[in-house]
Amino acid sequence: VTAIAGATAYGLEHRARIVRDLGDTWIFTGETRVGDAVVLEVGSAMTALRPAAVLREAAP
Amino acid sequence: VTAGEVAVLDPPPFAAPLRAVDRVEVLADGAADGGRTTLRAVKTVRATDPYLGGHFPDLTMLPGVFLIEGVRQAVAAVLGSRNGAYPEVRELRSARFLLPMLGGEEITSEIELTGTDTADEVEAVVRCRRGDGKPVATLALRLGRGAPDAA
């Protein structure tokens, strides 16, 4: 993550690319930019969709 | 760094009012062992925390990003600031979230730090468990002071 000296407000642009779509699970990559500067790079991330009931059942 | 309980930053000056850790303890200070230091950080998931109001309206669940922030705040409490700069996350090498962290649960993070004998950066390997001992997450990250390429 890069700080931009003197800046008090940032316009963030997120660019996400889905590299695999498994129905309820996605693998993606991407970056966040402020202007032309890349301030965050995401190598690989996976996200999954689960109903709230599944999460409640996982409680101890 | 010395073994024992450490005062948490309340509020953390870099993240007020978002406190992501309740208690921090230094378990092992291995300064003579290549700068290895082991910490334990504890956080109870509370629906009243300012960032949990909408996460979610009918199910309180700690967002994984606040587990990462909790590691950062624990490391900052232990290593302190230098020239006004606290350690911050420079790279999240991996994060696996295995079980939901629901309202009322106490999450304990065992944080193994390497590089605490050097000035700039530390590596952290983190295992997070809930009260019944089940693993909820594993993390690996790199922390450093200040933005490395700030103008």
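Start by selecting B:S109, which sits in strand β5 of chain B, the stretch covering residues 106-114. You are looking at a predicted model, so keep the confidence colouring to hand as you go. B:S109 counts as buried, because its relative accessibility is 6% and the cut-off for buried is under 20%. Now show its surroundings. Beyond the neighbours within four places in sequence, B:S109 is in contact with B:L39, B:R40 and B:A41, with B:L67, and with B:V126, B:R127 and B:C128.

**How far to trust the view**

Colour chain B by pLDDT: the average is 90, and 95% of the residues score at least 70. For the model, ipTM is 0.80 and pTM is 0.89.

**The sheet of chain B**

Next, select the strands of chain B. Seven of them make an open sheet with antiparallel pairing, and the order across it is β1-β2-β3-β5-β6-β7-β4. At the edges stand β1 and β4 (87-97) of chain B, each of which pairs on one side only. Turn the view to follow the twist, which averages 25° from one strand to the next.

Walk across the sheet pair by pair:

- Select β1 (residues 4-6) and β2 (residues 23-30) of chain B; they run antiparallel and three bridges join them. Here B:E5 stands opposite B:E25 of β2(B).
- Add β3 (residues 36-44) of chain B, which is antiparallel to β2(B) and joined to it by seven bridges. B:R23 faces B:V42 of β3(B), standing opposite it.
- Jump to β6 (residues 121-129) and β7 (residues 135-145) of chain B, an antiparallel pair with nine bridges. In this pair B:E123 stands opposite B:R142 of β7(B).

**The helix on the sheet**

Now bring in α1(B). This helix packs on the sheet and touches β1, β2, β3, β4, β5, β6 and β7 of chain B, while its direction makes about 140° with that of β4(B). Select residues 64-79 to see all 16 residues of helix α1 of chain B; from first C-alpha to last they reach 23 Å, close to the 22 Å expected at 1.5 Å a residue. How many of the 16 residues of α1(B) are buried? The count is 14, so the helix is largely enclosed by the rest of the structure. As you look along the helix, keep in mind that an α-helix has 3.6 residues a turn, so residues three or four places apart point the same way.

Step just past the end of α1(B) to B:G80, where phi is positive at about 75°. A little further along the tour is B:N83, in the loop between α1 and β4 of chain B. B:N83 is not a glycine, yet its phi is positive too, at about 50°. That deserves a pause, since most residues other than glycine have a negative phi, and most peptide bonds are trans. Is B:N83 buried or exposed? B:N83 is exposed, because its relative accessible area is 82% and exposed means over 50%.

**Loops worth a stop**

Go to the loop between β1 and β2 of chain B, where you will find B:P11. The peptide bond joining B:D10 and B:P11 is cis, with omega about -5°. B:P17 lies in the loop between β1 and β2 of chain B as well, and the bond leading to it from B:A16 is cis, with omega near 0°.

Then select B:H55, in the loop between β3 and α1 of chain B. B:H55 is partly exposed, with a relative accessible area of 21%. Outside its neighbours within four places in sequence, B:H55 is in contact with B:T60, B:M61, B:L62 and B:P63.

**Over to chain A**

Finally, select chain A, which holds one helix and three strands. Read from the N terminus, its elements run β-β-β-α. The three strands form an open antiparallel sheet in the order β1-β2-β3. In chain A, β1 (12-21) and β3 (37-48) are the edges, each with a single partner strand, so one side of each has no neighbour in the sheet. The twist here averages 15° from one strand to the next.

Zoom in on β2 (residues 25-34) of chain A and β3(A), which pair in the antiparallel sense over nine bridges. A:E31 stands opposite A:E41 of β3(A).

To finish, show the surface. Of the 60 residues in chain A, 17% are buried. Chain A exposes about 4,400 Å², of which carbon and sulfur atoms supply 57%. Among the contacts in chain A with a separation of 6 or more, 16% come from residues 24 or more positions apart.

Notes
Residues numbered from 1 in each chain as written. Chains lettered and ligands numbered in written order. Predicted model: local features only at pLDDT ≥ 70, side-chain atom pairs only at ≥ 80, totals over all residues. Heavy atoms only, no water. Helix = DSSP H or I, 4+ residues; strand = E, 2+ residues; numbered from the N terminus. Buried < 20%, exposed > 50% of the residue type's maximum accessible area, 1.4 Å probe, protein only. Contact = heavy atoms within 4.5 Å. Areas by Shrake-Rupley, 256 points an atom, 1.4 Å probe, with all protein chains shown as cover. Expected span 1.5 Å × (residues − 1). pLDDT = per-residue confidence, 0-100. Pairing = 2+ DSSP bridges. Axes fitted to C-alpha atoms, helices over the stretch in contact; angles between N-to-C directions.
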